[in-house]
Amino acid sequence: MGVGNQEIVRKVAIATASRAERALLQPIYDKLGEMPEVQRWWFQVQPGEDTVYRTKEIHKALKKRPPEAFLVPADRAEMVAVAMVAYYMRIPVFHLWAGVGYTGTYDDLNRRVMSSFAYMHLVEDERAKRRLIHSGEQAWRIKTVGSTHADSLVVDEKMAPIEPFDLVLVNGNPIDPQEEMVALNRTLELVSPGKPTLWVEPSAPYRPGVMAWIRLRLPSGHRIQFMPTLARPLFLGLMSKCDRFITNSSSAVYEAPLLGAGRKVVNVGKRNAERTTESTKLPPAAATVADLLAHYTLDPTKLLKPYGRTPAPRTS
């Protein structure tokens, strides 16, 4: 099979579950599209925590169209199931954003579990690489690639109000509802009653009843406008123009510094509160990741990892 006179040498799929996630993966997808030897497609996963119970559906979809290299990103619960099914089907999983700083949240648990199923770990910096080696992963499986946050920094400010405003994005926590309530209560305390505030709903919706609970507790005379999940350029436009960015999102760690908006961030809750990165120093990752997916030599004998046969790393 070929494109013109070019033979297809690698079939590559990229898993995605949300608009925000897909926007960060799009530069990689575009770079793969520039390679005539690659056949690429999106492996779309329905967002929501219940995806982890739908392994049969994931298996059916991968069996129907198995990739030869499978990019599975980050830390969402949906991706845990995808990585696990792919691993047991002997499909090489390239885990993007592996080894990011562990801060004790369920995102970190998801990421660490996914690393166990990964054939290759694609990390943003040397700190992430060291964390993976310390946890027992083999060094040859780890590639430092940078970050796609720097690849996709298109900013559209057309939705930004003229008058000063605050921006809110608070992700839910289905594993720890109490922590979710702590973050939301703190957010409501911070909202200025008379100031325009744009509250962007997270890509993964809150638990049932949470939005109604928020609306009942809004301060009198508030000027909060709730907005659905936005396209990435529009969201970045709001972030760049707002007075304060009240959030527990990783965008406070990555995009805000790149936009020169790091001082606007007001973190709420534990999620990402202790997470640090020098995002302004991370190189763009799309070209490197696409090249690895397209051309890295895969060893079928190493698809199953030697857990239980590799000495644990020294801790002192």
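1. Start with helix H1, residues 19–33. In this predicted model, H1 lies across strands E3, E4, E5 and E6. Strand E6 spans 93–96. The helix runs at about 165° to E4.

2. The sheet under H1 comes next. Six strands make up an open sheet, in the order E4-E3-E5-E6-E7-E8. The pairing is parallel. Its edges are strand E4 (38–44) and strand E8 (142–144). Each has a single partner strand, so one side of each is left without a neighbour in the sheet. From one strand to the next, the twist averages 20°.

3. One pairing in that sheet can be followed residue by residue. Strand E3 covers residues 10–16 and pairs with E5 over 3 bridges, in the parallel sense. Ile14 stands opposite Leu71 of E5. As background, strands of a sheet pair through backbone hydrogen bonds, either parallel or antiparallel.

4. Glu68 deserves a look. It sits in the loop between helix H2 (55–64) and strand E5 (69–73). Is Glu68 buried or exposed? Neither label fits: Glu68 is partly exposed, at a relative accessible area of 35%. A polar atom of the Glu68 side chain lies 2.7 Å from the backbone nitrogen of Lys11. Leaving out residues up to four places away in sequence, Glu68 touches Val9, Arg10, Lys11, Pro92 and Leu298. For a long-range reference, take Ala287: Glu68 and Ala287 are 219 residues apart in sequence, and their C-alpha atoms are 19 Å apart in space.

5. Now the helix pair H3 and H4. Two packed helices are described by the angle between their axes and the distance between the axes. H3 (residues 77–88) and H4 (residues 106–116) pack at about 10°, with axes 9 Å apart. An angle under 35 degrees counts as roughly parallel, and H3 and H4 are therefore roughly parallel to each other.

6. Which residues make the contact of H3 with H4? On the H3 side they are Ala77, Met79, Val80, Ala83 and Tyr87. On the H4 side they are Asn110, Val113, Met114 and Ser116. By class, the contact has 7 nonpolar residues, 2 polar and no charged.

7. There is another open sheet, of 5 strands. The order is E11-E10-E9-E12-E13, with parallel pairing. Strand E11 (223–227) and strand E13 (265–267) hold the edges. Each of these has a single partner strand, so one side of each lacks a neighbour in the sheet. Neighbouring strands are turned by 20° against each other on average, direction ignored.

8. Within this sheet, check E10 against E11. Strand E10 takes in residues 196–200, and 5 bridges join E10 to E11. The two run parallel. Val200 stands opposite Met227 of E11.

9. Helix H8, residues 232–241, lies across this sheet's strands E9, E10, E11 and E12. Strand E9 covers 166–169, and strand E12 covers 244–247. H8 runs at about 130° to E9.

10. Finally, Arg232, which lies in helix H8. Why does Arg232 count as buried? Its relative accessibility is 12%, and buried means under 20%. The side chains of Arg232 and Glu255 are joined by a polar contact of 2.6 Å. Not counting residues up to four places away in sequence, Arg232 touches Ala23, Leu24, His149, Ser152, Leu153 and Glu255. Ala23 and Leu24 fall in H1 (residues 19–33), the helix of the opening point.

Conventions. Residues numbered from 1 in each chain as written. Predicted model: local features only at pLDDT ≥ 70, side-chain atom pairs only at ≥ 80, totals over all residues. Heavy atoms only, no water. Pairing = 2+ DSSP bridges. Helix = DSSP H or I, 4+ residues; strand = E, 2+ residues; numbered from the N terminus. Axes fitted to C-alpha atoms, helices over the stretch in contact; angles between N-to-C directions. Contact = heavy atoms within 4.5 Å. Buried < 20%, exposed > 50% of the residue type's maximum accessible area, 1.4 Å probe, protein only. Polar contact = N/O pair within 3.5 Å; in protein donor to acceptor, adjacent residues only side chain to side chain. Parallel < 35°, antiparallel > 145°, perpendicular 65-115°, else oblique. Nonpolar A, V, L, I, M, F, W, Y, C, P; charged D, E, K, R; others polar.
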